[in-house]
Amino acid sequence: MRKPVALITGANGEIGHGLVDHLCGRDDLDLIAIDLNPFAPEIEHRLTAGLVGDIVDVSLLERLVSEYEIHEIYHLAALLSTRAEYTPARAHQVNVEGTLNLLQLAHDQAQWHGNPVKFLFPSSIAAYGFPDRATKAKHGRVSEIEYNFPTTMYGCNKLYCEHLGRYFTSHYRQLAADRTSTGVDFRALRFPGLISAISMPSGGTSDYAPEMIHAAARGEPYACFVDHEATLPFMAMPDGVKALIDFAAADASRLAQRVYNVTSFSRTAGEIRDRVLEDFPNADITFSPDPPRAAIVDSWPADVDDTPARNDWGWSPDYDAARAFDEYLVPKIREFYERGD
Ligand code: AKB
């Protein structure tokens, strides 16, 4: 008899640390995880099983379904935007082929146990592509269906996988004689720049915000790779986890779309620097733009319209900019470095 479980991929990552805390200890589903790297101790002991491996390895996924009955998937594993530019073929393999493997697994599992499989997919503001900063500034808040012209491999991967998830939910095997419901319940959130106090950013282009704060807390100089006017939407990591949990719990009948924007607050890099200096007055923060990385940030929206998420499934952030810094980032980052993690 296989155990009914929820599966997290990329559990060691920034979102994974927070999500494992929320998902472990559920009485309806045990929690298993896959990650390329060995699990951090604070994660591993919360898992029923942790498999170290690659989501592109079909034999690993076959081993998984031989032991577990998968009812929910939180697919966090991905190569983020900057890292993906240095290894685009590998990024496509992990971000797209890995996602396809898991969507196929979700379909097959749903056919086996006869229940829909919820597939939570963190997409990104990287799915957008403005031609330049002036157009971005003039346009302001962007809806899900505007400016979907990504300029990075990661953004292309995320946009395509949104469509792939929609296909598996509504059109997979549409010409089959014995066509039934696909059983895949794909749900994607386009996250802004997520800022975590307890895990280091890894390979993202929005990472200048968390990197700046963490460097200040360590007493190290930080040369920001965008200029002080560069603007992005951001979100404190606890809200990122909350959005995934609330979205997963929403009744499917309330969802008018499969892909939703969510955001908390937009800030320029200069405003973030100014806020950091309030708590770290000696922080050595300079601006030394790296033109190609700065151009990626300029192609992403200054703000997103998350009205559909608010209307359809009650999204609302707990942390605005003030609370994010006052009650989460500054105190938790100080604690993180004082503990010597
Ligand atoms: C990145 O910078 O690649 C990510 C993202 C905005 O999706 N943090």
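**Helix α5 and the ligand site**

Helix α5 covers residues 88-113, and its 26 residues should span 38 Å at 1.5 Å a residue; the end C-alpha atoms of helix α5 are 36 Å apart, so the expected span and the modelled one agree. The expected span is 1.5 Å times one less than the number of residues in the helix. The structure is a predicted model, and the helix described here belongs to that prediction. Just after α5, G114 takes a positive phi of about 80°.

The ligand sits in the largest pocket. Its surroundings are formed by L80, S81, S124, I125, Y154, G204, T205, S206 and W300. By class, this shell contains five polar residues and four nonpolar ones, with no charged residue.

Polar contacts to oxygen atoms of the ligand come from both side chains and backbone. For S81, a polar side-chain atom lies 2.6 Å from an oxygen atom of the ligand. Y154 likewise places a polar side-chain atom 2.8 Å from a ligand oxygen atom. In S206 a backbone N or O atom takes this role, at 2.9 Å from an oxygen atom of the ligand. Taken alone, the ligand exposes 250 Å², and the protein buries 93% of that area.

Key:
Residues numbered from 1 in each chain as written. Predicted model: local features only at pLDDT ≥ 70, side-chain atom pairs only at ≥ 80, totals over all residues. Heavy atoms only, no water. Helix = DSSP H or I, 4+ residues; strand = E, 2+ residues; numbered from the N terminus. Near = heavy atom within 4 Å. Polar contact = N/O pair within 3.5 Å; in protein donor to acceptor, adjacent residues only side chain to side chain. Areas by Shrake-Rupley, 256 points an atom, 1.4 Å probe, with all protein chains shown as cover. 1 Å grid on protein atoms, 1.4 Å probe; cavity = no way out; pocket = protein on both sides within 12 Å on 5 of 7 lines; lining within 4 Å. Sits in = over half its atoms within 2 Å of the grid points. Nonpolar A, V, L, I, M, F, W, Y, C, P; charged D, E, K, R; others polar.
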